[in-house]
Amino acid sequence: MSQNAKQTAADRQNRAPLAEALLQHIREDVTPFHVPAHKHGKGTDELTRYFGQQVMSMDINSMSDVDDLANPNAVIDEAQRLTAELFGAQYAHFLINGTTSGIHAMMISRLRPGDRIILPRNAHKSAFSGLVASGAVPVYARVEDNTDFGIATTVSVDSISSCFERAPQTAALFIINPTYYGFASDLQRLIALAREWDASVLVDEAHGGHMYFHDELPVTAMQSGADMSAVSMHKTCGSLTQSSLLLLNSKAISNEKVINTLNMFRSTSASYLLMASLDLARKQLAMEGRERIKAVVELARYAREKINQIEGLHAFGQELTSNSAIHSFDETKLSIFVRKLGATGFEIERRLRQEYNIQVELADLNVIMAMITIGDTQADVDRLIAALEKIASRSRKQNFTRVSQMPDMPDLIVIPRDAFYSHQKSVALEDSVNEISGEMVMSYPPGIPVICPGERITRDIIDYINILKEHNCHLQGTADPFVNNIRVLGF
Ligand SMILES: Cc1ncc(COP(=O)(O)O)c(C=O)c1O
């Protein structure tokens, strides 16, 4: 790019058209005879004192000067174009219901009922509800787990390749980049593989937005030539909670289809607070993103090094990339294996909160994870390190015994959509052998569902769920929180 062209791109990116229009709107002090009813906070005294006048004044509905997300042709359109330019996409869409809605939109706009989609078994629950909504047939890919830490990592190229061989006419491949714990597969090879089989590639980048701004973090969906990606800007890039992006760069999926899909499900009253936050977060990333994310990575490296000097703790990272499905690692996810302290991740999470006023992002039986982002300082990280040092010094170190191996993936008897719409009844888990599950049983760890809707329950599955319960694993997905009962298909 020439110096002049670069200058123009920087000038363009140094604006926030939607956020600026919103500010101008409140300066004009328009008399509002429109929803929302609070009318710039004038009708809601306590609420306005609580949030502050500016927030209430900015909470407006669409009108010509601030555009309309359903049919953008002014400042929202401009803001979305700038976002697409920055992330290397052809189109970008603002999402006001998180990456969850982006995953639904990717699946529904690409898949027709009966189409096949390959997806990792450890996909987020929105991918499973996307299967119900789209009527697609899942081809689940096996996820590797790391036996040292007892956690699910990611899918290998071989595992995806064997899925394509099993299901040659597959419409799409769904990939998580990176997983919650920071593991990334070899995205470029997976995309090349999908192209050989004529499949589109849909990527869940809920945890990967910041990776667009650092060359040593895992390579991103748009850089690698994926068709679509859903990115939680709120998780790693500084916009408000619930605001995400849908990025599109595809020959197979038209932008019109994506817009139609988004408009089918999203609110017709999109929050301007969320959208303006996306616009400002994008501007900040464009202007300072590389420096900011560099500082984040350096802070994470510093923390990892210090924590790895504490006896009984292990903050795992890049070293896991050799000889495994893990191609690269997002170092900003500070995942720490704690079981050698003789405590679970849940216990360490509770102690950090109660004794040191520190809240981590995630805890499971074996691991806690602290997210390092643009909002962290050296002092914050030092507090975490000091707290972990104290906790470790007072612990009795123990060897770690891992939960036994997960049984083979069960047979899919009916597709998730049919399971969802079938009659279901609750039966005792012990009596459910050979029944078709109406629910998912998800366990943390390892973060992989043991059974999904539409699959046949086997004796091995029940035995494994009982083992997970004995180990106090965190089980989710069933109506019965104790998983003594499970919903199965039938009257
Ligand atoms: C892997 C993954 N995908 C998707 C999502 C959904 O993202 P959002 O909370 O932005 O809807 C999450 C949320 O935690 C996630 O962990």
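This report describes the two largest pockets of a predicted model and the residues that line them.

Residues are numbered from 1 along each chain as its sequence is written, and side-chain values use heavy atoms, with hydrogens and water left out. Because the model is predicted, local features need pLDDT of at least 70 and side-chain atom pairs count only at pLDDT 80 or more, whereas totals for chains, interfaces and linings use all residues.

The largest pocket (an open set of points on a 1 Å grid over the protein atoms alone, where a 1.4 Å probe fits, with protein on both sides within 12 Å along at least five of seven lines) has a volume, the space filled by probe spheres set on points joined across faces, edges and corners, of about 1100 Å³. Its lining (residues with an atom within 4 Å of a point) comprises 46 residues, and those closest to the centre are Ala123, His124, Lys125, Ser126 and Tyr444. Helix 7 (125-134) is among the elements that supply at least two lining residues each, as are strand 14 (362-363) and strand 17 (441-444); helix 7 gives the largest share, six residues. Helices (H or I, at least four residues) and strands (E, at least two) are DSSP runs, numbered from the N terminus.

The second largest pocket has a volume of about 450 Å³. Gln13, Leu86, Phe213, Ala286 and Arg290 are the closest to its centre among 20 lining residues, and helix 13 contributes the most, with seven residues.

The table gives the linings by class (Ala, Val, Leu, Ile, Met, Phe, Trp, Tyr, Cys and Pro count as nonpolar, Asp, Glu, Lys and Arg as charged, and the others, Gly among them, as polar).

| Pocket | Nonpolar | Polar | Charged |
|---|---|---|---|
| Largest pocket | 20 nonpolar residues | 21 polar residues | five charged residues |
| Second largest pocket | 11 nonpolar residues | four polar residues | five charged residues |
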